[in-house]
Amino acid sequence: MDCVFCKIRDRVIPKEFTYEDEEVMVFPDIHPFKPIHLLVVPKIHIEDYLGFNDTDLSVKTKNIINKMVKEQKLDNGKGYRISVNGGGAQMVRHVHFHVMGPISQTE
């Protein structure tokens, strides 16, 4: 498989993790849009958001996203954005969530 996130998961590509457990990894985006731009990535290879149907993993991923927002202090009124791309709009075809901030009120 030629998936960059799977290679990161398997340690083929070295990466420093902000958070990692047996099912989810979090690391900074290589091309950040904001001062804080983290990728929250389930370790199991799921190509698209529509295939992300594991309820337990979905809840766990949401809880980790919440944890990242709080740990990065993005919940203090400076604003944050959580996004997911799908349907071919993603650069890496492995479901992942972007946690970005701070976000100004004009964006």
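## Nonpolar cores

In this predicted model, the largest nonpolar core is made up of 16 residues, and those with the most contacts inside it are Val26, Leu38, Val40, Phe52, Ile64, Phe97 and Val99. The elements that contribute two or more residues to this core are β2 (24-28), β3, α2 (55-71) and β5, and it is α2 that supplies the largest share, with five residues. A second core, separate from this one, has nine residues, including Cys3, Phe5, Cys6 and Ile8. In soluble globular proteins, nonpolar side chains tend to be buried together.

Which residues does Val40 contact once its neighbours within four places in sequence are left aside? Val40 is then in contact with Val24, Met25 and Val26, with Thr61, Ile64 and Ile65, and with His96, Phe97 and Val99. Among these partners, Val26, Ile64, Phe97 and Val99 are also listed with Val40 as residues that have the most contacts inside the largest core.

## Aromatic pairs

A pair of aromatic rings is described by the distance of the centres and the angle of the planes. The structure holds four aromatic pairs, and one of them joins Phe5 and Phe27, whose ring centres are 5.7 Å apart and whose planes meet at 70°, so that this pair is edge-to-face, the class for angles over 60 degrees. Because Phe5 belongs to helix α1 and Phe27 to strand β2, the pair ties together parts that are 22 residues apart in sequence. Both Phe5 and Phe27 are buried, and ring pairs link these two residues and Phe17 into a cluster.

Phe52 and Phe97 form a pair with ring centres 5.8 Å apart and planes at 55°, and the pair is therefore tilted. Distant parts of the chain are linked in this way, since Phe52 lies in the loop between β3 and α2 while Phe97 lies in strand β5, 45 residues apart. Phe52 is buried, as is Phe97, and both residues are named among those with the most contacts inside the largest nonpolar core.

## The largest pocket

The largest pocket encloses about 440 Å³ of space, and its lining consists of 22 residues, of which Asp29, Ile30, Leu39, Met91 and Val92 lie nearest the centre of the pocket. Two or more lining residues come from each of α1 (4-9), β3 (36-42) and β5 (97-101), and α1 gives the most, with three residues.

How many residues of each class does the lining of the largest pocket have? By class, there are 13 nonpolar, seven polar and two charged residues in this lining. The elements β3 and β5 thus appear in two settings, as each gives two or more residues to the lining of the largest pocket and two or more to the largest nonpolar core.

## Lys34 and Ile103

Lys34 is placed in the loop between β2 and β3, and with a relative accessibility of 19% this residue counts as buried, because the class covers values under 20%. From C-alpha to C-alpha, Lys34 and His45 are 26 Å apart in space, although eleven residues apart in sequence.

Ile103 is found in the segment after β5 and, at 9% relative accessibility, also counts as buried. Not counting residues up to four places away in sequence, Ile103 touches Lys34, Lys78, Gly79, Tyr80 and Arg81. The C-alpha atoms of Ile103 and Leu74 are separated by 8.9 Å, the two residues being 29 residues apart along the chain.

## Backbone geometry

Most residues other than glycine have a negative phi, and most peptide bonds are trans. The peptide bond that runs from Gly101 to Pro102 is cis, with omega near -10°, and Pro102, like Ile103, is found in the segment after β5.

Two residues other than glycine can be described together for their positive phi values, which are near 70° for Arg11 and near 60° for Lys73. Arg11 has its place in the loop between α1 and β1 (19-20), where a relative accessibility of 48% makes this residue count as partly exposed. Lys73 has its place in the loop between α2 and β4 (81-83), and is exposed, with a relative accessible area of 57%.

Technical notes: Residues numbered from 1 in each chain as written. Predicted model: local features only at pLDDT ≥ 70, side-chain atom pairs only at ≥ 80, totals over all residues. Heavy atoms only, no water. 1 Å grid on protein atoms, 1.4 Å probe; cavity = no way out; pocket = protein on both sides within 12 Å on 5 of 7 lines; lining within 4 Å. Points joined across faces, edges and corners; volume = space filled by probe spheres on them. Helix = DSSP H or I, 4+ residues; strand = E, 2+ residues; numbered from the N terminus. Nonpolar A, V, L, I, M, F, W, Y, C, P; charged D, E, K, R; others polar. Core = buried A, V, L, I, M, F, W, Y, C linked by side-chain atoms within 4.5 Å. Buried < 20%, exposed > 50% of the residue type's maximum accessible area, 1.4 Å probe, protein only. Contact = heavy atoms within 4.5 Å. Phe/Tyr/Trp six-rings, centres within 6.5 Å; stacked < 30°, edge-to-face > 60°.
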